[in-house]
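I set out to look up the burial, overall dimensions and sheet arrangement of this protein. My entries follow the display.

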Amino acid sequence: MKTRSQLVTEFRDWIDQPNTAIVSATMANREINRAYMQLAQMISAWNDRFYLTTASISTTASTQYVAVPSDCSMVKRLIDADSDELRHTDIEQFDLSLDNGEPICWDKAGPYIRFNPIPNAVYAYTIYYTKMPAELSADASTPEFIAGYEGIIALKAAINSKMIRDEQTRDMAQMVYLEDVRNLRHAVMTQQTGGARRVINSQYEYTLD
């Protein structure tokens with residue numbers, strides 16, 4: 001997998017700025033990260049399991065909500081300590097007449113998981129969620145990407161920057177980018193799990209491993 005430093009070099013090749021006299025290292029790194037985050041969002045839209053991960057969360061007695069992990073973009077499901085799945089229910093359908101107790105359902109509202117009923121004790125859950133990958137913070141950092149396709153990050157950064165000076169090169173960059181996007185989308189989509197058991201849970205449908 002290419003490092004941030006290598007992606008910056010490719011970015012500079014596209015804009016014909018091999019040194020920092022005009023485009024500083026800070027600017028180049030910013031453009032690479034901006035392109036990376038945009039492409040990561042596209043990947044998640046094509047296959048929301050590509051960045052699927054897990055974390056542990058716990059409730060607090062008499063508190064309805066728990067913050068989701070900071071990198072969470074979509075919650076897929078909650079599994080309790082007995083390996084049972086907690087039902088998802090739209091928050092507008094919560095039964096607010098219930099006394100505090102062990103939660104029977106949940107919904108995501110903003111950066112929080114809200115439970116119904118309000119927990120009366122500490123309950124532990126494993127949260128399955130789609131994450132947004134972290135920005136590339138060092139020259140040696142590598143993107144969470146499909147190996148062999150990461151060059152599109154440098155290309156998108158160059159297009160975003162509007163610093164490709166030659167019109168012919170700009171046109172070529174756009175054509176290459178569109179072709180690379182098609183290939184990347186195909187690679188991402190073919191990584192989806194096939195033939196597994198599907199579960200419909202309230203408004204959400206997903207595939208169990």
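I looked up burial first: 42% of the 209 residues of the protein count as buried, where buried means under 20% relative accessible area with a 1.4 Å probe, protein chains only. The model is predicted, so I noted that local features need pLDDT of at least 70 and side-chain atom pairs pLDDT 80 or more, while totals for chains, interfaces and linings use all residues. Residues are numbered from 1 along each chain as its sequence is written, and side-chain values use heavy atoms, without hydrogens and water.

I then took the exposed surface, about 11400 Å², of which carbon and sulfur atoms supply 48% (Shrake-Rupley method, 1.4 Å probe).

I went through the elements next and found four helices and nine strands, these being DSSP runs of H or I with at least four residues and of E with at least two, numbered from the N terminus. Their order from the N terminus is α-α-β-β-β-β-β-β-β-α-α-β-β. The radius of gyration is 22 Å, well over the 17 Å of the globule rule for 209 residues, so the protein is more spread out than a compact globule; the radius is taken over C-alpha atoms, and the rule is 2.2 Å times the number of residues to the power 0.38.

I traced an open sheet of seven strands with mixed pairing, in the order S1-S7-S3-S4-S5-S6-S2; strands pair if DSSP finds at least two bridges between them. Strands S1 (52-58) and S2 (65-67) are its edges, each pairing on one side only.

Finally, I checked S3 (residues 72-80) against S7 (residues 124-131): they run antiparallel and are joined by seven bridges. Met74 has Thr130 in S7 as its bridge partner.

Terms used. Buried means under 20% relative accessible area, exposed over 50%, partly exposed in between (1.4 Å probe, protein chains only).
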